[in-house]
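The report below takes up selected helices, ring contacts, a pocket and backbone details in turn. Please keep the sequence and the structure at hand while reading.

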Amino acid sequence: QIYEIQGKEELAFENYSEVLKSNPGYELFFHADLNKSGVKKMETDEDIKKASKYYRRLLSEEKNWEFRDKIYYEMALFEIKRGTYPNALNYLGESVQVSTSNPVQKAYSYLKMGEIYHDRYKDYEKAAAYYDSTMQVMPPDTKNYENVKKTAENLKVFVKHLTTVKEQDRLLELKEMPEE
């Protein structure tokens with residue numbers, strides 16, 4: 001996981017493979033296998049098809065029922081890597097919908113949606129709403145809680161001012177219209 005965080009995906013892939021060879025318990029096996037799929041190189045259309053099939057298989061297996069939120073989240077990250085942000089947003093929405101017992105995963109799904117709307121689409125109103133949702137469910141002891149909280153507060157203030165500017169612009173346009 002450390003290699004993955006550092007962007008050293010090949011080393012992460014090798015180490016996830018080592019974990020899988022060690023015959024771990026199912027939960028560790030599941031997460032290592034899922035994380036391994038997230039760092040695997042996607043160089044051809046065939047690689048992409050295999051990855052999509054892999055995620056669909058995971059979702060269909062009853063033993064993974066409690067991990068559906070994580071599977072959808074990983075599917076979203078896969079779509080982000082491919083540059084298909086609408087698909088990523090759909091999968092993140094699915095992750096939020098099925099997440100009932102994992103507030104941290106739900107928070108990260110909301111957060112990723114907020115980041116996409118903020119960074120990719122520059123839709124600050126939607127970004128603020130998703131950051132607000134993140135703060136509603138994110139436990140205070142989560143790793144990046146304070147940074148997320150600060151961003152959520154800043155977006156809230158920014159959107160308030162943005163709304164004021166839009167309203168003023170609308171009123172100025174209305175003023176310039178002919179009386180009839």
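## Helix H6

In this predicted model, H6 is built from 14 residues and reaches 20 Å from its first C-alpha to its last, close to the 20 Å expected at 1.5 Å a residue. Its buried residues are Tyr-85, Ala-88, Leu-89, Tyr-91, Leu-92, Ser-95, Val-96 and Val-98, and what covers them includes helix H4 (45-60), H5 and H7.

## Helix H7 and its surroundings

Helix H7, which runs over residues 103-120, has 18 residues and a reach of 25 Å between its first and last C-alpha, a value close to the 26 Å expected at 1.5 Å a residue. Within H7, the buried residues are Gln-105, Ala-107, Ser-109, Tyr-110, Leu-111, Met-113, Gly-114, Ile-116 and Tyr-117. These buried residues pack against four helices, namely H5 (68-82), H6 (85-98), H8 (124-137) and H9 (145-176).

H9 is also where Gln-168 is placed. Gln-168 counts as partly exposed because its relative accessibility is 44%, which lies between the 20% limit for buried and the 50% limit for exposed residues. The C-alpha atoms of Gln-168 and Val-104 are separated by 39 Å, and the two residues are 64 residues apart along the chain.

## Aromatic and charged contacts

A search of the whole structure finds nine aromatic pairs. One of them joins Tyr-117 and Tyr-121, whose rings lie 5.8 Å apart centre to centre with 45 degrees between their planes, an arrangement classed as tilted. The two partners can be described separately in terms of accessibility: Tyr-117 counts as buried because its relative accessibility is 13%, whereas Tyr-121, with a relative accessible area of 37%, is partly exposed. Ring pairs also link both of these residues with Tyr-110 and Tyr-130 into a cluster, and within that cluster Tyr-110 and Tyr-117 are among the buried residues of H7.

A contact of another kind involves Arg-68 and Trp-65, where the charged end of the arginine sits over the ring of the tryptophan, 3.6 Å from the ring centre.

## The largest pocket

The largest pocket has a volume of about 1100 Å³. It is lined by 38 residues, of which Lys-70, Tyr-73, Glu-74, Leu-77 and Gln-105 are the closest to its centre. The elements that give two or more residues to this lining are helix H1 (2-5), helix H2 (9-21), helix H3 (26-39), H5 and H7. H5 gives the most to the lining of the largest pocket, contributing nine residues.

Two of the helices already described therefore meet again here, since H5 is one of the helices against which the buried residues of H7 pack, and H5 and H7 are both among the elements that line the pocket. Gln-105 likewise appears twice, as a buried residue of H7 and as one of the residues closest to the pocket centre.

## Residues with positive phi

Which backbone angle sets Asn-23 apart, given that it is not a glycine? Its phi is positive, at about 55 degrees. Asn-23 is placed in the loop between H2 and H3, and it counts as exposed because its relative accessible area is 68%.

Lys-122, found in the loop between H7 and H8, also has a positive phi, near 55 degrees, in a residue other than glycine. Along the chain, Lys-122 follows H7.

Technical notes
Residues numbered from 1 in each chain as written. Predicted model: local features only at pLDDT ≥ 70, side-chain atom pairs only at ≥ 80, totals over all residues. Heavy atoms only, no water. Expected span 1.5 Å × (residues − 1). Buried < 20%, exposed > 50% of the residue type's maximum accessible area, 1.4 Å probe, protein only. Contact = heavy atoms within 4.5 Å. Phe/Tyr/Trp six-rings, centres within 6.5 Å; stacked < 30°, edge-to-face > 60°. Lys NZ or Arg CZ within 6 Å of the ring centre and 35° of its normal. 1 Å grid on protein atoms, 1.4 Å probe; cavity = no way out; pocket = protein on both sides within 12 Å on 5 of 7 lines; lining within 4 Å. Points joined across faces, edges and corners; volume = space filled by probe spheres on them.
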